[in-house]
Amino acid sequence: MAAVNLIGSYNYALVALSVLIAIFASYAALDLAGRVTAAGGWTRTVWLLGGAGAMGTGIWSMHYIGMLAFILPIPVAYHWPTVLLSLFAAILASVVALGVVSRQKMGWLRALAGSVLMGAGIASMHYIGMAAMRLPAICQFNSFLAVLSVVFAVLISLAALWITFHFRDGKAGIGWEKLAGAVVMGAAIPVMHYTGMAAASFSPSGMPADLSRAVSISTLGTAGIAAVTFIVLGLALLTSWVDRRFAAQALEVQEEKLQQSEAYLSEAQRLSHTGSFGWRVSTGDILWSEESFRIFQYERTTKPTAELILQRFHPEDAAFVKQTIERAAQDGKDFDFEHRLLMPDGSVKYVHVVAHALNDVSGSVEFVGAVMDVTAAKQAEEKLRQSEAYLAEAQRLSHTGSWATGAMRAGPTYLPATGEIRYWSEECYRVLGFDPHGGQPQFETFSQRIHPDDQARVREIADTARREKAEFEMDYRIVHPGGEIRDIHTVGHPVLSPSGDLVEFVGTVIDVTERKRAEEERERLREAQADLARVNRVTTMGELTASLAHEVNQPIAAAVTNANTCLRWLARDHPDVEEARAAASRIVKDATRAADIVGRIRLLFKKGAAQRELVDVNEVVREMIVLLRGEATRHNILVRTELAAELPAVMGDRVQLQWEIACNCSRC
């Protein structure tokens with residue numbers, strides 16, 4: 001006689017409880033997936049295993065509550081080792097699920113593979129759990145429904161993975177999207193379970209059930225399973241919430257630091273006129289910092305594009321810039337160059353662009369770099385270059401070179417012990433007879449150029465300046481390679497450190513050869529002029545000989561007369577001493593007068609250099625009138641003087657002034 005299947009029924013309260021557990025477990029899965037995704041390193045492993053344990057427990061609990069909801073007219077017990085095995089299958093399926101959805105990217109291939117593994121795990125959990133049933137009946141399965149339950153497991157797993165992956169990043173609160181996803185998942189997961197239950201049919205068996213290691217589940221046990229499940233899932237969610245709070249606080253701190261760092265960076269870029277940029281070659285996307293917008297003079301809301309940047313290129317530099325960037329993009333190499341920008345107001349900016357090439361996994365190239373406004377530096381550089389050109393030309397015209405040497409030895413003739421010269425201007429090379437393009441000479445080479453008669457004196461002056469850390473100034477001669485001797489004037493100034501140590505000497509060398517030759521020529525010319533003036537004076541004095549003789553004879557004759565008078569006063573019977581003394585005094589006066597006249601005449605004939613002294617002009621005029629009085633009388637000329645009183649003395653040559661007065665009087 002054919003066996004009759006046992007008719008079972010469902011406790012709908014437990015069915016509802018199983019669905020509720022499924023929804024709760026699904027929400028926990030969504031939440032835990034976010035924590036696993038956010039974690040890294042060993043923390044990620046802890047969250048993965050802990051989350052899989054809680055999620056697997058929830059799925060397993062939903063399964064067993066659902067099985068307990070199925071009521072047969074015979075007693076049912078469960079083999080607890082097999083029950084634990086089904087729990088392990090649920091946890092393993094959860095590990096696969098969390099591992100798949102916690103990736104940064106989830107392609108369809110990975111999703112399909114994960115859904116197959118997860119579905120297989122859930123199906124294994126279900127059918128291993130049913131194998132744990134111990135009852136006096138035979139369990140048979142409808143193949144179609146069994147296969148359909150496995151298909152449902154895979155499809156539901158695929159849907160669960162998709163929902164979990166897209167709703168895993170809920171930031172705050174319950175997350176209504178996450179809750180809706182949990183409801184959908186929680187409602188779908190029991191479909192597989194109850195489809196699998198529908199595939200099973202039970203018929204009575206005359207054989208007693210094997211109850212070894214089997215336990216019966218009472219209503220209290222069912223409540224305990226549900227309670228433990230809710231506690232496990234609740235603790236998992238609580239732990240996730242606490243961790244999220246700490247992570248959010250840490251993220252806020254990091255965001256504050258990042259904002260502060262970005263503010264510092266933005267201010268530093270503004271002060272240094274340096275902007276940053278990013279350029280993805282494959283898409284053409286360009287990112288600019290705020291300073292980059294200021295440099296190119298575009299509004300902050302403008303989206304930077306290659307066309308906008310090209311509009312700012314100077315027409316003369318556009319071809320070069322485009323060629324450089326295109327070559328760098330093709331080769332995927334760094335680039336570094338300078339070019340000009342032509343701004344809307346017509347002004348020109350100089351920018352220095354440097355970028356580093358980054359290659360991602362797909363092989364596309366992205367450039368990260370900086371653009372620096374170097375206009376001020378270029379202008380300063382141009383002014384410096386212009387100033388150096390002016391200085392070099394001024395040095396060339398004045399034959400003045402500049403130099404700097406180390407502290408070991410001073411001046412352009414005494415260099416550091418290594419023979420190294422810190423600096424010589426181009427004119428310094430020419431003045432000292434060296435080739436500016438031949439490199440800086442060594443001390444031995446230079447010292448051989450100094451005239452042998454000057455080397456000892458130069459060495460002594462330089463050593464003294466170095467020892468006393470003092471300025472020095474000296475003249476010496478240098479012999480050029482062609483044998484030409486040049487006169488050099490050198491001035492050196494010591495440079496001291498804050499502690500007073502001698503650092504270096506800086507100074508100038510001046511080629512004074514032409515100046516010295518000019519001075520020598522001027523000296524010879526002065527001598528010739530003095531000789532000519534003397535000849536002219538002699539000639540003129542020859543013409544005035546008669547007048548001068550009269551002027552000389554007059555005091556001599558007066559002296560003779562006074563001498564005779566003195567003798568007569570003394571020759572008397574009673575000599576009149578007083579009268580004789582008066583006559584002698586007149587003799588002295590006349591002789592002195594004659595001597596003065598002779599002295600003045602000798603000065604006019606004397607050959608010598610001009611001697612500048614303080615001269616009383618009125619006195620000189622009176623002296624010359626005395627000398628020329630005879631000549632004036634001979635030509636019937638009356639000389640009358642009107643001299644200003646208390647004239648100040650003037651600086652001049654007394655003889656030359658006398659000569660000029662004599663010439664003017666003679667021409668009159």
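In this predicted model, Arg 517 and Glu 514 are joined through their side chains by a salt bridge, with an N to O distance of 3.6 Å. The two residues sit 3 places apart in helix α15 (residues 513-543), a separation of about one helical turn. Both ends of the pair can be found without digging into the interior: Arg 517 is partly exposed at 41% relative accessibility, and Glu 514 is partly exposed at 46%. The pair also belongs to a network in which salt bridges with shared partners link Glu 484, Arg 486, Asp 511, Glu 514 and Arg 517.

Salt bridges number 23 in total. Another of them connects Arg 385 with Glu 382 at 2.6 Å, N to O. Here too the partners are 3 residues apart, this time in helix α11 (residues 375-398). Arg 385 is partly exposed, at 42%, and so is Glu 382, at 44%.

Helix α14 (residues 452-468) holds a further pair, Asp 454 and Arg 457, again about one turn apart. Their closest N and O atoms are separated by 3.6 Å. In this bridge Asp 454 is buried, with a relative accessible area of 6%, whereas Arg 457 is partly exposed at 34%.

Away from these pairs, Asp 317 occupies the loop between α9 (306-312) and α10 (318-331). Asp 317 is buried, at 13% relative accessible area, and touches His 339 and Arg 340, leaving aside residues up to four places away in sequence.

A nonpolar feature completes the tour: Leu 85, Phe 88 and Leu 92 make a surface patch of about 310 Å². Phe 88 lies in helix α3 (residues 80-101) and is exposed, with a relative accessible area of 53%.

How values were computed:
Residues are numbered from 1 along each chain as its sequence is written. This is a predicted model: local features need pLDDT of at least 70, side-chain atom pairs count only at pLDDT 80 or more; totals for chains, interfaces and linings use all residues. Side-chain values use heavy atoms; hydrogens and water are left out. Patches are made of residues with over 30% relative accessible area and no salt bridge: like charges are joined within 9 Å, nonpolar side chains (Val, Leu, Ile, Met, Phe, Trp, Tyr) within 5 Å. Accessible areas come from the Shrake-Rupley method with a 1.4 Å probe; for residues, only the protein chains shown count as cover. A salt bridge is a side-chain nitrogen of Lys or Arg within 4 Å of a carboxyl oxygen of Asp or Glu. Helices (H or I, at least four residues) and strands (E, at least two) are DSSP runs, numbered from the N terminus. Buried means under 20% relative accessible area, exposed over 50%, partly exposed in between (1.4 Å probe, protein chains only). Contact means heavy atoms within 4.5 Å.
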